[in-house]
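Grab a viewer and work through these exercises one at a time. Each has a task, then a solution you can follow on screen.

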Amino acid sequence: MFYHVKDLQFNARVSKPDPAFATLLLEQFGGANGELAAALRYFVQAFGAKNPYPDKYDLLMDIATEEFSHLEIVGATIQMLLTGVNGDLKKAAETSEIMQLLDGKAAKENMIHQAMVAPQFFVATGGGPAYTNSQGVPWTAAYINGDAQGDLTSDLRSDIAAETRAKMVYEYLLQFTDDPYVQETLRFLMTREVAHYQMFEAALATIKPNFPMGVLQADTRYSNLYFNMSSGNAIRGPWNQGESTQLGETWQYIEDPIKHVLQTNSLLDQTPTETSSTKDVNNQLEIDLGKMRSDIVNAAAPIGPQQWNKPLGDDDLGVSMDKANLDR
């Protein structure tokens with residue numbers, strides 16, 4: 001159940017109309033890394049978490065709902081930046097604020113050019129936000145459909161990456177406006193991406209084990225191989241030498257991949273090296289982890305009649321009845 005409060009979560013303000021920046025800001029309204037995408041991404045991920053991970057369901061729904069409020073903030077900012085467009089399209093008042101911005105042939109031709117980038121402002125929406133990105137491309141569920149894979153160790157990592165991308169878009173947008181009020185709003189929205197990143201990261205850490213993603217384990221023959229796939233200087237770093245970050249294996253640097261592939265019968269004869277994991281151990285891990293994950297899901301949602309809302313307990317019912325009596 002959603003309940004809309006008419007006041008914004010953050011009181012967005014603008015100093016003056018700026019249709020050009022409003023065009024750029026559409027990226028966070030209907031773009032791939034925008035607020036609508038974020039809200040719907042977390043919203044759909046929450047369904048699968050409802051019973052087996054009620055704490056993560058709560059997290060995902062809370063953040064999804066906050067993202068809808070951020071969409072409202074972005075939409076309100078765009079609307080304010082377009083002040084005058086809708087009215088001028090209706091009465092063409094040459095003395096209006098928006099027309100003063102377009103005073104002179106060069107200014108009007110420039111605005112026509114801007115309109116070619118986001119024509120919805122002028123010929124489709126009449127001066128309001130639209131579910132497109134800054135290039136006028138309509139929002140599509142293709143932006144997020146791959147982010148809900150039914151496994152929280154995957155979904156939460158996708159969410160961490162999504163918050164990173166959204167933060168960077170706000171960071172870039174801040175460089176294209178000198179309006180202190182708009183900058184204030186964008187910095188708030190950018191900061192919430194940083195906060196959400198940490199929330200998802202913390203939630204992922206509570207799922208044990210959470211690496212590798214999903215249930216199936218890595219093949220020990222290939223999990224610590226680094227192939228030098230480019231000519232020139234051989235760059236070494238913690239990604240190809242020393243111990244791997246998650247599995248604790250020693251990286252095996254393959255200096256000449258072609259020679260190595262030929263010598264190992266196209267890797268079919270590759271043997272595990274510098275790893276404590278074994279095929280038998282990993283096979284047992286897959287069985288145990290698969291059973292554990294399956295038991296969690298099945299226990300939380302047994303086959304039979306179901307209902308989404310948790311039934312009220314006696315204490316809850318008493319509180320509800322007391323409130324109803326007070327309301328009378």
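A patch here is built from residues with over 30% relative accessible area and no salt bridge, with nonpolar side chains joined within 5 Å. Keep in mind that this is a predicted model.

**Exercise 1. Find which residues make a nonpolar surface patch of about 290 Å², and place tryptophan 308 in the chain.**

Step 1. The patch is made by Val44, Phe47 and Trp308.

Step 2. Tryptophan 308 sits in the loop between α12 (279-300) and α13 (314-327).

Step 3. With 41% relative accessibility, tryptophan 308 counts as partly exposed, because that class runs between 20% and 50%.

**Exercise 2. Describe the chain as a whole: its helices and strands, its buried share and its accessible surface.**

Step 1. Count elements: the chain has 13 helices and two strands.

Step 2. Of its 328 residues, 38% count as buried.

Step 3. The accessible surface comes to about 19400 Å², and 57% of that belongs to carbon and sulfur atoms.

Step 4. Now look at contacts between residues at least 6 apart in sequence: 76% of them join residues at least 24 apart.

**Exercise 3. Work out which residues touch the most other members of the largest nonpolar core, and which elements give two or more residues to this core.**

Step 1. Start from the general idea: in soluble globular proteins, nonpolar side chains tend to be buried together.

Step 2. The largest nonpolar core has 27 residues, and Leu25, Ile78 and Leu186 touch the most other members.

Step 3. The elements giving two or more residues to this core are α1 (19-25), α3 (35-49), α4 (54-81), α9 (152-173) and α10 (180-205).

Step 4. Zoom in on leucine 25. Leaving out residues up to four places away in sequence, leucine 25 touches Val74, Thr77, Ile78, Leu81, Leu173 and Leu186.

Step 5. Don't stop there: a second, separate core holds 19 residues, among them Leu60, Met61, Leu204 and Ile207.

**Exercise 4. Check the span of α10 and say what covers its buried residues.**

Step 1. The helix α10 has 26 residues, so at 1.5 Å a residue it should span 38 Å. Its end C-alpha atoms are 38 Å apart, which agrees.

Step 2. The buried residues of α10 include Val182, Leu186, Leu189, Glu193, His196 and Phe200.

Step 3. Their cover includes α1, α3, α4 and α9.

**Exercise 5. Trace three salt bridges, and say where each partner lies and whether it is buried or partly exposed.**

Step 1. The whole structure has nine salt bridges. Side chains of opposite charge can pair when their charged atoms come close.

Step 2. Glutamate 184 and arginine 13 meet at 2.8 Å, N to O. Glutamate 184 is in helix α10 and arginine 13 in the segment before α1, so the pair ties together parts 171 residues apart in sequence. Glutamate 184 is partly exposed at 35% relative accessible area, and arginine 13 is partly exposed at 33%.

Step 3. Arginine 41 pairs with aspartate 147, with the closest N and O atoms 2.7 Å apart. This pair links helix α3 to the loop between α8 (120-124) and α9, 106 residues apart. Both arginine 41 and aspartate 147 are buried.

Step 4. Arginine 293 pairs with aspartate 151, the closest N and O atoms being 3.7 Å apart. Here helix α12 is linked to the loop between α8 and α9, 142 residues apart. Arginine 293 and aspartate 151 are both buried.

**Exercise 6. Inspect the backbone: locate the peptide bonds that are cis and the residues with positive phi.**

Step 1. The bond from lysine 208 to proline 209 is cis, with omega near -15 degrees. Proline 209 is in the loop between α10 and β1 (225-227).

Step 2. Another cis bond joins phenylalanine 211 and proline 212, with omega about -5 degrees. Proline 212 also belongs to the loop between α10 and β1.

Step 3. Serine 266 is not a glycine, yet its phi is positive, about 55 degrees. Serine 266 is in the loop between α11 (257-263) and α12, and is exposed, with a relative accessible area of 51%.

Step 4. Leucine 267, in the loop between α11 and α12, has a positive phi near 75 degrees. Leucine 267 counts as buried at 19% relative accessibility, because the cut-off is under 20%.

How values were computed. Residues numbered from 1 in each chain as written. Predicted model: local features only at pLDDT ≥ 70, side-chain atom pairs only at ≥ 80, totals over all residues. Heavy atoms only, no water. Helix = DSSP H or I, 4+ residues; strand = E, 2+ residues; numbered from the N terminus. Core = buried A, V, L, I, M, F, W, Y, C linked by side-chain atoms within 4.5 Å. Buried < 20%, exposed > 50% of the residue type's maximum accessible area, 1.4 Å probe, protein only. Contact = heavy atoms within 4.5 Å. Patch = residues over 30% accessible without salt bridge, like charges linked within 9 Å, V, L, I, M, F, W, Y side chains within 5 Å. Areas by Shrake-Rupley, 256 points an atom, 1.4 Å probe, with all protein chains shown as cover. Salt bridge = Lys/Arg side-chain N within 4 Å of Asp/Glu carboxyl O. Expected span 1.5 Å × (residues − 1).
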